[in-house]
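I open this notebook to record what I looked up in the structure shown below. The entries go from confidence to overall fold, and then to the surface.

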Amino acid sequence: MAAMDRPTDADTGDRRTANVGPGAEPGDHPPRQPTRLERAPSERYAREQAPSARGRDGATRAVGVAVAGAAVIAFLGGPLSMTGGLLAVSVVVGIVLGSTLRPRTALAVGLAVGSIVLGLLGVWLFSRLEGGVLDPLAYLADVEGPLVPIQLLLAAASATAGSR
């Protein structure tokens with residue numbers, strides 16, 4: 001009994017990891033080898049990266065958004081004769097273009113401002129169909145007033161904010 005109370009070299013460590021050898025006792029197991037996982041367990045909690053707009057697909061999507069924004073502005077400003085509501089459309093167009101072209105801020109701002117200008121030209125063309133005689137700058141200054149530069153600034157600012 002006294003021999004069992006004294007620790008031996010095999011008893012000093014954890015029995016689950018003790019080396020199994022000639023002096024092994026019943027119940028001893030060989031040491032476990034660490035299991036290598038295919039990927040880290042924390043990867044399942046990682047945010048999935050949004051597909052970035054790169055190459056031809058992203059450019060096509062951005063141009064489509066810009067043309068759609070211009071069409072919405074032309075429709076709301078022309079047949080529906082909205083003025084103040086176009087500010088909200090300018091912000092939405094800028095945010096969508098900014099998020100579509102996320103790393104390329106200058107391109108997003110250029111497309112957003114171009115979309116607004118194209119939409120305002122569409123409003124002017126609608127006025128020409130109704131018998132208007134003013135040139136685009138005079139018409140927009142008369143009808144929209146100071147809202148035109150505000151729309152352009154909002155589109156640029158929201159495209160910048162959306163691309164970050």
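**Notebook entries**

I first read the elements in order along the sequence, and the protein follows the pattern α-α-α-α-α-α. I then noted the secondary structure as 6 helices and 0 strands.

I next turned to confidence, since this is a predicted model. I found a mean pLDDT of 83 for the protein, with 79% of its residues at 70 or more. Among the elements, I looked up which helix has the lowest mean pLDDT and which the highest. The lowest value, 56, belongs to helix H1 (residues 2-5), and the highest, 95, belongs to helix H6 (residues 147-162). I keep in mind that where pLDDT is low, the predicted coordinates should not be read in detail.

I then asked how many of the residues, as a percentage, count as buried. The entry reads 27% of the 164 residues of the protein. For contacts between residues at least 6 apart in sequence, I recorded that 63% join residues at least 24 apart.

I turned last to the surface. The accessible surface of the protein is about 11300 Å², and carbon and sulfur atoms account for 62% of that area. On this surface I located a nonpolar patch formed by Phe-75, Leu-80 and Met-82. Together these residues have about 290 Å² of accessible area.

I followed one member of the patch further. Phe-75 lies in helix H2 (residues 55-77). Is Phe-75 buried or partly exposed? I entered Phe-75 as partly exposed, because its relative accessibility is 49%.

Key: Residues are numbered from 1 along each chain as its sequence is written. This is a predicted model: local features need pLDDT of at least 70, side-chain atom pairs count only at pLDDT 80 or more; totals for chains, interfaces and linings use all residues. Side-chain values use heavy atoms; hydrogens and water are left out. pLDDT is the predictor's confidence in each residue, from 0 to 100. Helices (H or I, at least four residues) and strands (E, at least two) are DSSP runs, numbered from the N terminus. Buried means under 20% relative accessible area, exposed over 50%, partly exposed in between (1.4 Å probe, protein chains only). Contact means heavy atoms within 4.5 Å. Accessible areas come from the Shrake-Rupley method with a 1.4 Å probe; for residues, only the protein chains shown count as cover. Patches are made of residues with over 30% relative accessible area and no salt bridge: like charges are joined within 9 Å, nonpolar side chains (Val, Leu, Ile, Met, Phe, Trp, Tyr) within 5 Å. A salt bridge is a side-chain nitrogen of Lys or Arg within 4 Å of a carboxyl oxygen of Asp or Glu.
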